[in-house]
Each structure stands twice: as C-alpha cells, then as structure tokens.
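Hi everyone, thanks for making time today. I'd like to walk you through a structure, so please have a look at the screen.

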Amino acid sequence: MGNCCESASNFFGPQKNTNVRVSLPAVCFVWQIAMIVLFGVFIRYDEESDAHWVELKKTENLTDLQNEFYFRYPSFQDVHVMIFVGFGFLMTFLKRYSFSAVGFNFLIAAFGLQWALLMQGWFHHFDYSTGKIYIGIESLINADFCCAASLIAYGAILGKVSPVQLMVVTLFGVTLFAVEEYIILDLLHCRDSGGAMVIHCFGGYYGLAISWVLYRPNLHRSKRLNGSVYHSDLFAMIGTLFLWMFWPSFNSAIANHGDGQHRTAMNTYIALASSVLTTVALSSMSKKEGKLDMVHIQNATLAGGVAMGTAAEFMITPYGSLIVGFCIGIISTFGYLYVTPFLEKRLKLQDTCGIHNLHAVPGMLGGFIGAIVAATASESVYSKQGLIDTFGFTGKYENRSPGTQGGFQAAGVCVAMAFGLVGGAIVGFILKFPIWGDAADDYCFDDEAYWELPEEEETIPPVLEYNNHMTQHKHQET
Amino acid sequence: MGNCCESASNFFGPQKNTNVRVSLPAVCFVWQIAMIVLFGVFIRYDEESDAHWVELKKTENLTDLQNEFYFRYPSFQDVHVMIFVGFGFLMTFLKRYSFSAVGFNFLIAAFGLQWALLMQGWFHHFDYSTGKIYIGIESLINADFCCAASLIAYGAILGKVSPVQLMVVTLFGVTLFAVEEYIILDLLHCRDSGGAMVIHCFGGYYGLAISWVLYRPNLHRSKRLNGSVYHSDLFAMIGTLFLWMFWPSFNSAIANHGDGQHRTAMNTYIALASSVLTTVALSSMSKKEGKLDMVHIQNATLAGGVAMGTAAEFMITPYGSLIVGFCIGIISTFGYLYVTPFLEKRLKLQDTCGIHNLHAVPGMLGGFIGAIVAATASESVYSKQGLIDTFGFTGKYENRSPGTQGGFQAAGVCVAMAFGLVGGAIVGFILKFPIWGDAADDYCFDDEAYWELPEEEETIPPVLEYNNHMTQHKHQET
Amino acid sequence: MGNCCESASNFFGPQKNTNVRVSLPAVCFVWQIAMIVLFGVFIRYDEESDAHWVELKKTENLTDLQNEFYFRYPSFQDVHVMIFVGFGFLMTFLKRYSFSAVGFNFLIAAFGLQWALLMQGWFHHFDYSTGKIYIGIESLINADFCCAASLIAYGAILGKVSPVQLMVVTLFGVTLFAVEEYIILDLLHCRDSGGAMVIHCFGGYYGLAISWVLYRPNLHRSKRLNGSVYHSDLFAMIGTLFLWMFWPSFNSAIANHGDGQHRTAMNTYIALASSVLTTVALSSMSKKEGKLDMVHIQNATLAGGVAMGTAAEFMITPYGSLIVGFCIGIISTFGYLYVTPFLEKRLKLQDTCGIHNLHAVPGMLGGFIGAIVAATASESVYSKQGLIDTFGFTGKYENRSPGTQGGFQAAGVCVAMAFGLVGGAIVGFILKFPIWGDAADDYCFDDEAYWELPEEEETIPPVLEYNNHMTQHKHQET
C-alpha cells in the first residue's frame with residue numbers, strides 16, 4: 001500500500017497528512033480536563049438526585065415515584081440509543097467508512113454531552129444565588145438532544161473530515177445550539193418538544209453550511225469508496241430501525257407529564273408509519289423495474305418523526321399526523337432523488353448522507369407545521385387548562401393568544417435556520433485551515449486514514465499450510 | 001447478468017415479471033390515502049391522551065403518574081423493537097434476501113399497524129354514541145400485536161412473494177385477526193395476554209395455509225440462495241436476541257396492572273431460559289460430532305415465550321414455567337429437524353422460516369396449556385379477588401367457574417386455528433392470480449428482483465489504478 | 001478439510017476430540033431437570049407477583065404503581081439487553097468465532113440465571129418458616145447480574161474452551177458469586193449497587209485465574225484466527241454500544257428508590273462519557289500515524305461504567321465522576337497496550353478479550369474508589385436521613401460511621417479478589433481433565449469445532465450454470 005500511495009501522490013500532487021497523533025490526543029486531553037474543571041466549579045446534583053431528597057420527600061409528603069427519574073428515565077434510555085446506535089449505525093452504510101461512522105459518532109457525542117450539560121446549564125439552569133448549575137435526568141436528555149444537532153451535521157461531512165475537525169464542529173455546534181435554543185424556547189417562548197426547529201432544522205443547515213464551505217471539487221477521485229456494500233447497508237438498517245422505533249420517545253421525552261407525553265408519542269408513531277409507505281411508493285416509482293433504493297428506505301422513512309418534532313405535542317389529531325407523514329415521505333424521497341444531486345452539481349454542496357432531505361427540510365417544515373397547528377389552537381379542542389399547559393400561557397405569557405404563539409413559532413424556525421447557516425459558514429472557514437489532518441480528495445471515505453484496519457478475510461490460510469509456513473519461518477529465525 | 005437471464009428464460013421457460021413499478025406505488029398510495037380518510041372519520045385521542053385530561057385530572061383528583069402511559073410505555077417500546085428489529089432481523093438469515101427481510105417487514109408492519117388501529121378500534125373501542133374510535137397507548141401495543149400475526153405469516157412465504165402480495169397478506173391478516181380476536185377475547189371471554197392463541201397460533205396457521213396454496217414444485221431451482229452465510233446468520237441473531245430478551249414485555253404489555261404484569265414477565269423470563277437449554281441439547285444430539293445448528297438456536301430458543309403466551313398471566317408457578325420451556329424447546333427443535341422436511345416432502349408445504357415449529361405449534365400448545373392452567377385455578381391459589389381480576393369474572397361472567405373458563409380457552413384455540421387455516425387458504429388463492437409480480441422459481445430468495453443492489457465488495461480497485469483508469473476515460477470523453 | 005485435518009494431526013500430534021454430542025446434551029438435560037426439581041421444591045412468587053397482591057393492595061391501601069415492578073422493570077430490561085446482546089456481541093470480534101461468542105453467551109446466561117435464582121435465593125431470600133424462596137423483579141435483575149460475572153470470565157477463555165467447560169465455569173461461577181456476594185453485602189454490609197466488587201472484580205479475577213491454569217503454550221498455532229475482520233469488528237461495536245448506553249441502568253437497577261437510582265444513573269453516564277475521550281486519546285498516541293485501535297474503542301470506553309460500580313450511588317459529585325472516567329480510560333487503554341502482552345509473555349496468562357483491563361482492574365479500583373467516597377461521607381453532604389438511607393445505617397449498623405463503612409468496603413474488594421483467584425484456580429484445574437471436548441491448540445478460535453457452518457459466500461454460482469449442472473446431475477441420477 002505504501003508504494004502505491006507514494007506513486008499516487010506523485011501522480012496527483014502532494015498527499016495530505018492525516019496523522020492526528022498529536023492533535024487528536026491533545027484536543028481530547030485538554031478539553032476533557034477543561035470539562036473536569038468547569039464541572040467542578042459549576043455542576044451540582046439537583047434536588048431530586050441529591051441525597052437530601054429523602055428529607056425533602058418527608059417534608060413535602062412525596063412518594064418515591066414522584067421523583068422525576070420515573071417520568072423520564074425510560075424515554076431517556078430510548079433517546080440515548082438513538083444518539084449512539086441510531087445515528088452511529090445509520091452512517092455505517094459506506095463500504096469502508098463504518099469504523100469512522102460509528103466510532104467518531106461515539107467520540108463526539110461523548111464529548112458533546114459534557115459540553116452541553118455546561119452550555120445548556122448556563123442558559124437554562126444557572127442559579128445566580130449560588131453560581132451553580134443543578135442537573136437531573138432532564139438535563140441528560142437535553143444534553144443528548146444537543147449532541148444530536150452536531151451528529152446531524154456530521155452526516156453532511158461524513159468521510160471528508162478528520163476526527164479533530166469533528167471535535168471542533170461539535171464544540172461550536174453545541175455552543176450555537178445552546179444560544180439558539182435559549183432564544184427560541186426562552187425569549188420567543190416557543191414549544192418544540194421534539195426539536196424540529198432547535199435540533200433538526202438547526203443541525204441540518206449547520207452541517208450543510210459547513211459542507212458548502214468545505215467543497216471538494218475533486219471528490220470524485222474517492223468515488224470508488226463513496227457507496228455501500230450488501231452488509232454495510234444492513235448495518236445501516238440497524239441504525240434506521242432504532243431511530244424509527246424510538247422516535248416517539250425522542251419527541252415525547254421532555255414533553256409535559258401525562259397527556260403531553262402520551263399524545264406526543266402517539267402522534268409521532270402514526271406519522272412515522274405513514275411516511276414509510278409514501279417513501280416506498282416513491283422509491284419504487286423512481287427506478288426502472290420498480291426496484292427499491294436502500295438509501296430511501298434508510299433515511300426518508302424517518303422524516304415523519306422529524307416533521308412532527310414540534311407539532312406532535314399539540315392536538316394535531318391522528319389523521320393530521322398521517323397527513324404530515326404522507327407528505328414528508330414524498331418530499332424527503334424526492335429530495336434524495338433530485339435535490340441532493342442538484343445541490344451537488346449547481347450549488348457545489350456535497351451532502352454525504354443527504355441530511356438536507358432528512359433533517360434540514362423536514363425540520364424546517366416541521367417548525368412551520370407546528371406554527372400552523374399552534375395558531376389554530378382553540379379552547380374547545382384543548383380545554384382552558386389544556387391550552388395553558390400545552391403552550392405554557394402562564395406568567396408573563398398569560399395573555400398570549402394561540403395566533404400570536406403561531407407567529408412566534410414561525411419566527412423560531414427562522415432563528416434556527418439563521419444560526420445554522422451563519423454558524424456553519426463560520427465553522428466551515430475555521431475548518432479550512434490546513435492543520436486539521438483531513439484526507440486528500442483521493443482518500444476520502446476511507447477508514448484507512450484514522451484506523452488500524454484488520455487484514456482482509458480472504459487471507460485466512462488453511463491451518464496446515466499456515467503452520468508449516470510458520471514453522472519454517474521459525475526455523476529460519478533460529 | 002442480463003444475457004444470463006435471457007438464456008436462462010430460454011432454457012426454463014418464460015421468466016416471470018417482477019416489475020412492481022406500478023402496482024407497489026399504487027397500493028401504497030391508495031391504501032395510505034384510505035387510511036387518512038378513515039382516520040379522519042373515525043379516530044380520535046382517548047381521554048388520557050387528549051389535552052382535556054388536565055381538567056379530568058383535577059376533577060377526579062388524579063396524579064400525572066396514573067396516566068396509562070406510565071404503566072405501558074416501557075413495555076410498548078420493547079414490543080415495538082420486537083416487531084421491527086426482532087422479526088425483521090430474524091429473517092435476514094438468507095444470504096441474499098436480507099434487504100427484503102428487514103425492508104418488507106418494515107413496510108408491512110408500518111401499513112399493518114394503521115389498519116389494525118382501525119379494525120381493532122371498530123371491534124373493541126367503537127363508541128356508538130359518537131361514532132368514533134378513541135385510541136391511547138394500549139391501542140398502539142395492540143396494533144403492534146396485530147401486525148405480529150402477519151409478520152409471522154411472512155416467515156412461511158419468505159423469499160417467494162412480492163411486496164405487493166405481502167401488502168395483501170397484511171390487509172387480510174389484520175382483518176381476520178381483528179375478527180378472531182373479537183370472538184376469542186370478547187365473545188368467548190378468553191384471557192390471552194401474550195397472544196399464544198390470537199397472535200401465534202392464528203398467524204402461524206395463516207402463513208402455513210398461504211404457503212401451502214402457493215406451493216412451488218420447482219423451488220429447488222433457487223436452492224443455491226436458500227441458505228445462510230456466516231454474517232447473515234449473525235444478523236439473524238440480532239433478531240433472535242431482541243425477541244428473546246423482550247418476550248417478557250410482549251406477554252406482559254397488556255396484562256393487568258400490578259401483580260399481573262409482574263408475574264407475566266417473570267414466568268416468561270423463566271420459561272425462555274429453560275427452552276434455550278433443551279434446544280441446545282437436541283440440536284447437538286441431532287448432528288454427527290454434536291455440532292450445533294444456527295437454525296435451532298435462532299428459532300427454537302424462542303418457543304418458550306410463545307408457549308407461555310396465554311398461561312404466563314396465570315399462577316402457573318415458576319417450576320411450571322420451567323417445565324413448559326423444557327418441553328417446548330424439545331418439540332420446536334424436533335420440528336425443525338423432522339417435521340418441516342416432512343411437511344415439505346409429503347404435504348407440499350414449503351415453510352421458509354419454519355414458523356410451524358416456532359409459532360403454529362407452540363402457539364396452539366400454549367393455548368391449551370393456558371386452558372389447563374385456567375381450569376385448575378382455585379381460590380386458595382389466587383385469592384377470591386385475584387381469581388376475579390385474573391380471569392375477569394365480573395359482569396355477566398360473574399358466575400363462570402375456572403373449569404368453564406378452561407373449556408372456553410380451549411375453544412379459543414380452535415377458533416384461532418380455524419381462522420388461520422381457512423383465511424390463509426382463501427388469501428393464498430387470491431395471491432395465485434398472475435398479477436402480483438412474484439418471482440419465478442429460479443429467482444426466489446433473491447433481493448435482485450426488488451432492490452437496487454450495491455456492487456460487490458470485491459470490485460474495489462486500488463486507488464491508483466482506478467483513478468488512472470478514470471483519467472484515461474475522461475481524456476477519451478473530451 | 002477432512003484430509004487437511006488428518007495430515008495436520010500427523011504433523012502436530014493427535015488432534016483433540018471436540019465431539020460434545022454426548023456431554024453437552026447430557027449436561028443440559030440433567031441440569032435443566034435439576035432446576036425444575038429445585039424450583040418445584042423452593043421457588044415461589046413473592047408478595048408483589050402473587051395473585052394475592054390485589055387483596056394486599058386493598059388492605060394496605062396501595063396503588064398499582066407501588067408494585068416494585070414499575071420501579072425496576074425498565075432498568076431490568078436494559079440490564080437484560082446488556083447480558084445477552086451487550087456481552088454476546090462484544091465478543092463477536094474474532095473473525096471465525098462469532099457464533100460461539102454470541103451462542104455460548106446465550107447458553108450459559110440462560111442456564112446461569114436459573115441457578116442464580118436458586119443460589120441467591122438461598123442466601124438472601126430464604127424464608128425459614130416456609131422453607132421457600134420468594135422471587136420478584138429484583139431477583140431477576142440480581143440473577144442477570146450474577147450471570148454477568150461468569151460471562152466476564154468467558155471473555156478471558158474465549159476461543160479456548162468447549163461449551164461443556166463453559167457450563168462448568170458458570171455453575172461454579174454462580175455458586176462462588178452467591179457466597180462472596182453474601183459475605184460482602186450481608187456480612188460486611190457493603191454497598192455495591194453496580195457490582196464493581198461483586199461482579200466485575202470477582203468475575204475478572206475468576207476468569208483470569210481459570211485462563212492462567214489452562215495456559216496453552218502453543219496457542220500461537222491458532223494465531224491465524226485470533227484476530228478480527230472488518231465486519232466482525234462492527235458486530236462487536238453493537239455489543240460495546242449497548243453496554244455503554246445501558247450502563248447507567250446496570251449501576252442503578254437495584255439502587256435505592258428515588259434519588260438513589262437518579263444519582264447513580266447520572267454519575268455513571270458522566271463517567272462513561274469521560275472515559276471515551278481518554279481512551280481515544282491514548283489509543284491515538286500509541287500508534288504511529290495516530291491511528292485508532294478498535295480493541296481500545298470496543299473495550300476501554302466501558303471502563304468508566306465498571307469503575308463507578310460502587311461509588312455511583314454515593315455523592316461522588318459530577319466532577320468526581322468525570323475524574324474517575326478520565327483516569328480509568330487511561331488505565332484501561334494502557335492495560336490493553338502493555339499489560340495484556342506482558343501478562344501473556346511473563347505470567348503465561350492468555351486473556352482473549354483483555355478482561356484484566358476492562359473488568360478485573362477497573363472493578364478492583366472501583367471498589368476502592370467506593371471505599372474512599374464512603375469513608376469521606378458526611379452529614380452535611382448527605383443529610384442525616386440521606387446518610388442512613390445511602391449506606392443502610394439501620395438496625396445493627398445504626399452506629400457505624402462512614403469511616404468504618406469505608407474500611408468494610410475496602411475489605412469487600414479483597415474478598416471479591418480472593419474468591420475470584422482461588423475459585424478460578426480450582427475451577428481451572430477441574431477443567432484440565434481431558435474429558436471436556438476442548439479444541440487442540442491448532443483449532444482454537446474456530447466455530448468449526450462446535451457449529452454447523454454455512455458454505456462460503458463466494459460459492460454462489462450464477463443461476464444458469466448452477467441449474468444446468470443440477471439438471472445434468474438429475475439426469476445422471478435417473
């Protein structure tokens with residue numbers, strides 16, 4: 001291989017240096033130590049995870065089950081599976097980039113969730129009287145959510161960046177996320193329990209903007225590796241299915257207790273089912289002989305969950321959920337068929353996993369669907385208290401009308417897009433410095449650059465030959 | 001490949017047309033639109049998922065946790081994993097039919113659950129005063145259960161039918177399921193929390209009857225593809241293990257609150273453990289050199305869960321559960337060794353996954369085991385109230401004795417079998433029309449017919465050669 | 001292959017007999033029948049899973065939700081996934097031993113949990129007045145935990161023993177576990193909710209001692225199979241990720257209700273995130289070109305969960321958890337890099353999965369970390385009642401001080417190590433009898449010995465050739 005590489009570099013110009021032996025450990029160590037220091041200064045257990053809770057329980061006459069843990073923990077674990085197995089395996093579809101897909105997903109999520117606990121803590125749970133952030137189970141869910149945006153962005157640049165660049169993408173991604181989330185959820189007082197706006201729309205456009213800045217005109221030189229093989233597609237289906245199955249938990253994990261979580265899970269379940277059928281229909285229609293394309297089945301089937309990210313908590317009705325899933329399955333598959341190739345040719349935008357069609361557009365549309373459903377909410381449908389609880393019309397928002405809420409929800413979508421596009425462009429330029437260890441155009445989509453790969457399966461010799469050979473070898477050695 | 005196919009068709013007679021470019025999208029679109037219309041007319045949120053619940057909560061002095069969501073959601077998600085990852089990956093064992101296994105499983109479950117919400121709703125949750133069906137988390141579990149029967153049927157015809165045929169199998173399967181379930185659970189007032197009768201016995205015989213009608217005398221022509229490879233067997237183990245681990249949730253998901261769910265999960269867990277050991281024992285005994293057969297490990301180990309589908313909710317005792325698992329592991333493995341080959345040779349019944357041994361027979365036996373355990377129930381073992389709660393001896397069933405209950409349970413098994421066999425035969429004849437796009441006998445068990453397959457792994461050329469070749473190619477183009 | 005084997009045996013001396021056709025079924029049948037008898041004599045439903053509970057509920061004015069089932073079931077299912085998918089798939093990394101990894105893991109866990117219900121029942125839940133053991137959901141979690149120790153031990157001897165030997169390892173492993181657990185938790189009154197001591201430290205040293213006794217000086221003869229291939233490493237990542245994601249459930253599954261479970265899950269989550277970063281850092285530093293090693297990513301990332309097994313329930317603080325994860329990630333990766341090769345060369349200790357670095361050492365250190373955190377506990381940090389609840393300072397332990405508790409915790413670690421080392425050495429000698437059907441040194445790490453393997457993928461012939469050949473063959477036959 002060594003020789004082959006050298007001659008290749010002579011032929012194509014100097015090969016880039018993908019050695020991250022200094023930069024990757026340095027980033028990991030420095031940032032992890034920073035996390036320890038910042039956690040030491042700021043982060044403490046909240047009331048319900050602190051050992052003092054047993055005394056609180058007595059004084060407030062609570063039962064064990066009223067600990068938030070029991071409302072959220074099963075959903076948290078489902079979300080956790082989506083982040084690490086769902087996103088990780090969804091990206092293993094490339095024939096020789098599966099280690100990086102699942103491994104770097106693991107690395108950046110593990111870093112991102114720590115930084116998210118801090119960033120989200122400062123913006124949402126900072127107690128000015130003590131100067132501390134108090135965390136509990138809901139913080140863990142939100143930290144996982146926050147990572148999701150950066151993992152979505154990873155989908156656009158999959159195969160083209162180094163792990164050090166991914167750490168940078170995550171550092172800025174989490175930071176930007178916390179700010180836009182604060183603006184959308186706190187300042188605009190939007191509802192977005194499944195994060196169609198704050199997670200998917202932001203994460204999608206963030207990744208697209210980065211990828212646009214990092215455009216590689218000669219990426220076709222790695223074309224031989226930019227595709228799947230039979231078993232890599234099956235590994236990707238593990239990711240798809242865990243995402244698909246647990247999406248009801250994703251959308252309902254931090255929804256209101258009781259009917260809120262209940263309705264959110266149901267609406268998401270229904271919309272997802274519907275988007276599977278229209279995805280299959282469009283995929284079959286688009287190919288001669290009516291054959292299905294794994295890319296569509298792996299991705300567009302999930303768009304129903306994204307598009308319900310905001311509206312699932314509202315009274316969108318079961319058939320409303322079906323309609324959303326129906327349309328978004330078509331839109332997303334259409335995107336894979338025509339929009340992604342168009343973006344690549346015309347806009348010089350290379351989007352490895354097609355996050356434009358699975359996250360950016362469905363997230364944006366999901367935000368607007370939420371705005372419309374919110375604007376049309378009425379007391380007869382929600383009940384007076386239901387309206388207050390669902391949209392949080394309490395305190396200084398007591399007099400906000402559903403129509404106004406709809407307007408603010410729509411504004412939220414624009415904020416998410418703006419943060420994604422501008423933030424992504426800036427991060428993209430940072431990543432263009434020639435110091436990050438990314439691969440040359442000829443060596444993209446290849447685990448070889450960052451992983452010790454096992455020898456090929458074909459090289460298992462039969463026992464006798466092998467051992468004879470070994471024995472001879474040993475004799476020669478001695 | 002094209003040439004090869006043509007010459008093959010000359011040799012073997014006309015090749016069937018597997019082009020589903022019109023029929024598959026048509027079925028998906030028409031049925032999905034029908035779902036939207038019917039959901040619009042009939043389906044509404046139930047009391048606990050409607051935004052009005054917060055007012056109900058106040059008037060009835062409920063706590064958030066009493067929302068049914070918290071009793072059922074963790075079990076629901078486990079069942080959901082079984083349906084999509086469990087059944088889907090269990091069937092990936094064939095070397096070149098894994099896309100269809102996991103992909104069509106995905107498609108028909110996503111359609112089936114929508115149709116199930118309607119069919120089960122009309123039979124069980126229809127409110128005549130409003131003309132609506134009210135759904136909640138338990139409806140979602142039941143919809144997943146209902147799909148399971150059709151997915152079981154898929155196991156018998158795996159590799160031999162087109163996706164359009166599978167949609168038809170599911171449409172009728174769900175319809176028949178809702179009717180037989182209504183007869184068994186409502187009219188006969190049987191208990192069947194894990195669906196040994198209504199799901200496994202019905203689904204198993206339904207699939208066998210379809211496969212019997214669709215008998216292909218020349219299926220041996222696809223023999224080269226009717227087997228596994230090393231990694232496809234490992235993918236199948238993912239399915240097996242998720243089914244095995246979550247079977248306690250499957251059986252307990254809609255069991256009675258409290259001790260009902262608790263006992264059902266425990267009994268199932270114990271029975272499953274026992275069936276693993278007897279499966280291994282019989283598998284090893286049956287082969288020279290005592291080697292284990294992956295087919296047995298992948299399937300017969302699960303029979304313990306099926307056979308406990310009815311009795312797990314009763315006081316069958318922990319050692320009773322062990323005995324059930326012990327026997328059913330032997331029976332199921334014996335079935336794979338001798339009964340399936342016998343059925344194929346003598347009864348002209350081709351059963352790709354051996355659902356006869358994993359679902360039909362264990363389901364039927366599970367129904368009778370439930371009948372016996374019910375018939376021997378006594379007040380001393382259950383307590384007076386326990387007996388009433390476990391068997392639902394309230395209202396017009398107040399005076400039913402355990403013995404009578406046992407009789408009705410046994411009758412339920414017969415109803416399930418009859419529906420499966422007769423319904424399956426009829427559906428089989430419908431599927432014989434030559435319009436469905438199924439493959440010819442030479443091309444069964446092959447994803448090629450319905451999927452765009454990636455190129456082979458072996459064809460990755462080294463970078464230099466490939467790019468030299470590309471460069472030359474480009475020069476020639478220009 | 002037959003010929004090749006014969007000539008190999010001539011060359012290398014007599015090949016061992018791996019035929020387990022008598023021994024494996026015999027062990028499975030005899031032990032399973034023994035389980036049925038012992039369950040029949042001893043095991044009954046506990047109060048909360050018995051049908052009498054509905055009467056108890058009335059008299060004690062309980063709600064359904066107060067049934068222990070709802071506190072523990074979601075965590076139980078996560079632990080169950082770790083045992084069967086987590087441990088099973090983690091060991092599939094070898095290129096030709098994946099069937100045995102996942103299949104024998106399945107077998108011994110299914111046996112072990114039954115034996116564990118009995119052994120742990122006799123030691124912890126035996127009611128002398130009735131002579132019965134009463135089991136519930138917590139017993140199932142503990143049974144799964146108990147199996148984990150034997151599955152850890154399997155990691156050290158992976159590829160070198162027969163399934164019959166594994167059954168013996170499990171029988172003794174579960175027995176020893178129950179005794180050491182009784183000494184540590186009951187007699188010494190240690191806290192160890194995640195089992196750093198009783199599960200990981202014991203299981204690790206148990207496996208190492210067995211492997212040390214079973215040292216194979218000529219194991220290099222199987223070197224061709226003692227490695228991974230691309231896809232086997234991906235299957236192993238499924239195991240890694242499910243272990244990593246669900247470790248918070250593992251540590252918190254039997255922790256105290258309320259803040260206990262809440263805090264334990266959080267601390268574990270945080271420590272695990274930290275150990276991912278230091279593992280990646282050290283792995284990259286250790287290789288020229290900074291390439292990552294899958295062995296480290298698959299294993300050392302999990303060490304954070306092991307090391308928090310004892311302390312996670314205590315008020316170790318979030319930054320304390322980060323520090324533990326930080327250090328243990330370094331220690332574990334260092335172990336894979338230098339200690340395992342050293343042990344093999346100098347101590348004649350062959351440790352296939354490197355359990356020394358993932359379980360033995362992190363478990364031991366986790367025990368001591370727990371001891372230190374316990375010793376420094378104070379009323380100001382825990383509150384008076386919190387201290388009592390967390391460390392169980394009630395009854396005869398009412399006057400135990402945190403300092404004393406720390407001492408006992410440290411003593412517990414020593415007990416676990418001693419049981420592991422001595423017990424493992426004894427079991428190792430038992431396994432040296434030449435009756436167990438283990439493979440010769442040339443045929444280790446090979447599924448061929450115990451599994452019917454499918455033909456190779458390469459042998460799929462094109463349809464025409466194959467069928468022509470078949471047709472000719474048939475003609476000749478007739």
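Let's begin with B:Leu62, which is partly exposed because its relative accessibility is 25%, and the cut-off for buried is under 20%. One thing to keep in mind throughout: this is a predicted model. B:Leu62 sits in the loop that joins helix H3 (53-59) to H4 in chain B. Setting aside residues up to four places away in sequence, B:Leu62 touches B:Trp53 and B:Lys57.

If we follow chain B into helix H4, residues 68-90, we come to B:Pro74. Is B:Pro74 buried or exposed? It is buried, at a relative accessible area of 18%; that value falls on the buried side because the limit is under 20%. Which residues does B:Pro74 touch, once those up to four places away in sequence are left out? They are B:Phe69 from its own chain, plus A:Pro74 and C:Pro74. So here's a spot where proline 74 of chain B touches proline 74 of chain A and of chain C. There is also a long-range pairing to look at: B:Pro74 and B:Ala253 are 179 residues apart in sequence, yet their C-alpha atoms are 8.7 Å apart in space.

A second place with residues from three chains involves A:Ile238, in helix H9 of chain A, residues 230-252. A:Ile238 counts as buried, at 3% relative accessibility. Apart from neighbours within four places in sequence, its contacts within chain A are A:Val85 and A:Phe89. Across to the other chains, A:Ile238 is in contact with B:Phe89, B:Phe235, B:Ile238 and C:Ile238. For a sense of distance, A:Ile238 and A:Ile83 are 155 residues apart in sequence and 13 Å apart in space, C-alpha to C-alpha.

Staying with chain A, let's look at A:Thr278, in helix H10, residues 259-286. A:Thr278 counts as buried, with 1% relative accessibility. Beyond its neighbours within four places in sequence, A:Thr278 contacts A:Gly325, A:Phe326, A:Gly329 and A:Ile330, and from the other chain B:Phe29.

For a contrast, take A:Tyr134, in strand S3 of chain A, residues 132-135. A:Tyr134 is partly exposed, with a relative accessible area of 29%. Not counting residues up to four places away in sequence, A:Tyr134 touches A:Arg44, A:Tyr45, A:Asp46, A:His125, A:Asp127 and A:Ser139. If you want a feel for the span of the chain, A:Tyr134 and A:Ser211 are 77 residues apart in sequence and 36 Å apart in space, C-alpha to C-alpha.

Now a backbone detail, for those who like them. B:Lys348 has a phi near 55°, a positive value in a residue other than glycine. Where is B:Lys348? In the loop between helix H13 (318-346) and helix H14 (355-375) of chain B. B:Lys348 is partly exposed, with a relative accessible area of 41%. In chain C, the phi of C:Lys348 is near 55° too. C:Lys348 is in the loop between helix H13 (318-346) and helix H14 (355-375) of chain C, and it is partly exposed, with a relative accessible area of 40%.

Let's step back to chain A as a whole. Chain A has 18 helices and three strands. The radius of gyration of chain A is 24 Å, close to the 23 Å that the globule rule gives for 478 residues, so chain A is as compact as a globular protein of that length. Its C-alpha trace spans about 85 × 60 × 45 Å along the principal axes. Buried residues make up 68% of the 478 residues in chain A. Of the contacts in chain A with a separation of 6 or more, 82% are between residues 24 or more positions apart.

As for the surface, chain A exposes about 15000 Å², with carbon and sulfur atoms supplying 61% of it. Chain A carries 27 positive and 40 negative charges, and their mean positions are 8 Å apart.

Last, the interface between chain C and chain A. How many residues take part in the contact? There are 89 from chain C and 86 from chain A. The area buried between these chains is about 7600 Å², and carbon and sulfur atoms give 73% of that. C:Tyr230, C:Tyr269 and C:Leu277 supply 12% of the area that chain C buries against chain A, more than any other three residues.

That's my tour, and I'm happy to take questions.

How values were computed. Residues numbered from 1 in each chain as written. Chains lettered and ligands numbered in written order. Predicted model: local features only at pLDDT ≥ 70, side-chain atom pairs only at ≥ 80, totals over all residues. Heavy atoms only, no water. Helix = DSSP H or I, 4+ residues; strand = E, 2+ residues; numbered from the N terminus. Rg over C-alpha atoms; globule rule 2.2 N^0.38 Å. Buried < 20%, exposed > 50% of the residue type's maximum accessible area, 1.4 Å probe, protein only. Contact = heavy atoms within 4.5 Å. Areas by Shrake-Rupley, 256 points an atom, 1.4 Å probe, with all protein chains shown as cover. Lys, Arg positive; Asp, Glu negative; His and termini not counted. Charge placed at Lys NZ, Arg CZ, Asp CG, Glu CD. Buried area = accessible area lost by both parts, 1.4 Å probe.
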